[in-house]
Amino acid sequence: MRRPSRSVFLAALALIALIGAGGWLSQRQSAPAVRAQTAIPVRVVSVAQQDVPRYASAIGSVLSLHSVEIRPQVEGVLTQVLVKEGQWVKQGDLLATLDDRAIRASLDQARAQLGQSQAQLQVAEVDLKRYKLLSSDDGVSKQTLDQQQALVNQLQATGKGNLAAIANAQVQLSYTQIRSPVTGRVGIRNVDPGNLVRTSDTQSLFSVTQIDPIGIEFALPQQMLPILQSLLKAPTAAVVQAYLDADGESKLLAEGHLALIDNQISATTGTLRVKAEFDNKDGLLWPGQLVTIKLRTAVDESALVVPPPVVQRGVDGHFVYRLDGDKVTSVPVKVLFQDSTLNIIAGVKAGDRLVLDGQSRLKPGAHVEVLSDAPNSTEMADRRAQP
């Protein structure tokens, strides 16, 4: 039996190798075609156009616009406290009374002395008129007339002194009735009725604190001084919002307006003290309370708004992926403003659909499949503006 030649064997091996190489090349060429046909799933969002307020945030301390420590202005026994702790009082309401018997006695004494002086003055004036008539024909000496005139002047001065003593006693008597100098809320009482109180006492009887309206003081960086000055000069007062929590979103306590800025910047901290005023009818703001303040510094009108994940950062700057049919295009944009909830950008148009999620797998011209539209940017911005 004749064996196959060596050349035939080598030819068979070569044929097998060619067939294998052909199959490998065909698979390699078909793989890109398959991948090219596979669409990348993405989520998109539409560009919204609306007015967007800008805010400056800070931690503020609530303070009363008018708080008074009630102290006695005369010494005496505290006879009555006519208000309860925590009671709301109006300006001029009677709060407490002191024992006034000694002061009333002094007032009566001053009035009696005034009557005595007035009687003496009346007699002296009658004598003065008589002496003037007698002096015309030398019936009385010039010295006697001058002495009588001096006596009248003395008694007139004494009468004025008596009137001053009466006025002083009346003032002292008014101090025995302690009235509220401000409309507000009574604090905790420190002294009970029956105690002797003095003007030198270090402890007040109690306090009365104005609650409505109320103020909040906070500090902002000195770089914001020009903005604050322009806000104060604006015809419409700048809006200030007070929130309960540090995130500034969970609980809106009150909305007020910018009232004033301090007359100097702290050299230690480089900050400027600012005060805002709030209506506080519901009493949600309380003196000494710490709150989060959001001061509206500006409003971007007709701004193009997108969620922060839409904007990507590349070597040449910021860009977004815009949906054009079933493909995406890389569009360079400029970020005008950004925070944790939204970005204001330029370089796109309102209504453009931009990729919100899935950018890591994209490149310009890539085929995409939109899974579902994300919530519109308008809804997101509305949630930002509302408490």
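**View 1. Leucine 220 and its contacts in a predicted model.** In this predicted model, leucine 220 touches Leu228, Leu272, Val274 and Leu295, among other residues. Its contacts also include three residues in a row, Ala56, Ser57 and Ala58, as well as Thr271. Residues up to four places away in sequence are left out of this list, so try finding each partner along the chain yourself.

**View 2. The largest nonpolar core.** Let's step back from Leu220 to the group it belongs to: the largest nonpolar core, with 25 residues. Which members touch the most other members? They are Ile216, Leu220, Leu228, Phe278 and Leu285. Several elements each supply at least two residues of this core. Among them are the helix α4 (225-233) and the strands β2 (48-64), β11 (214-221) and β12 (239-243). The strands β13 (252-265), β14 (271-278) and β15 (290-306) do so too.

**View 3. A second core.** Here is another core, separate from the one in the previous view and made of 24 residues. Val68, Ile70, Val89 and Val208 are included in this second core.

**View 4. A salt bridge between Glu217 and Arg273.** Now we turn to charged side chains. The model has 11 salt bridges in total, and this view shows the one that glutamate 217 forms with arginine 273. The closest N and O atoms of the pair are 3.0 Å apart. Where do the two partners sit in the chain? Glutamate 217 lies in strand β11 and arginine 273 in strand β14, 56 residues apart, so that the pair links distant parts of the chain. Glutamate 217 is partly exposed because its relative accessible area is 25%, which falls between the limits of 20% and 50%. Arginine 273 is also partly exposed, because its value is 43%.

**View 5. Arg189 with Asp192.** Aspartate 192 and arginine 189 form a salt bridge whose closest N and O atoms are 3.1 Å apart. Are these side chains buried, exposed or partly exposed? Aspartate 192 counts as partly exposed because its relative accessibility is 41%. Arginine 189 is partly exposed as well, at 31%.

**View 6. Arg322 with Asp324, and a small network.** In the salt bridge between arginine 322 and aspartate 324, the closest N and O atoms are 3.5 Å apart. Arginine 322 is partly exposed, with a relative accessible area of 24%, and aspartate 324 is partly exposed at 36%. Elsewhere, salt bridges with shared partners join Glu217, Asp262 and Arg273 into one network.

Conventions: Residues are numbered from 1 along each chain as its sequence is written. This is a predicted model: local features need pLDDT of at least 70, side-chain atom pairs count only at pLDDT 80 or more; totals for chains, interfaces and linings use all residues. Side-chain values use heavy atoms; hydrogens and water are left out. A nonpolar core is a set of buried Ala, Val, Leu, Ile, Met, Phe, Trp, Tyr and Cys residues joined through side-chain atoms within 4.5 Å. Buried means under 20% relative accessible area, exposed over 50%, partly exposed in between (1.4 Å probe, protein chains only). Helices (H or I, at least four residues) and strands (E, at least two) are DSSP runs, numbered from the N terminus. Contact means heavy atoms within 4.5 Å. A salt bridge is a side-chain nitrogen of Lys or Arg within 4 Å of a carboxyl oxygen of Asp or Glu.
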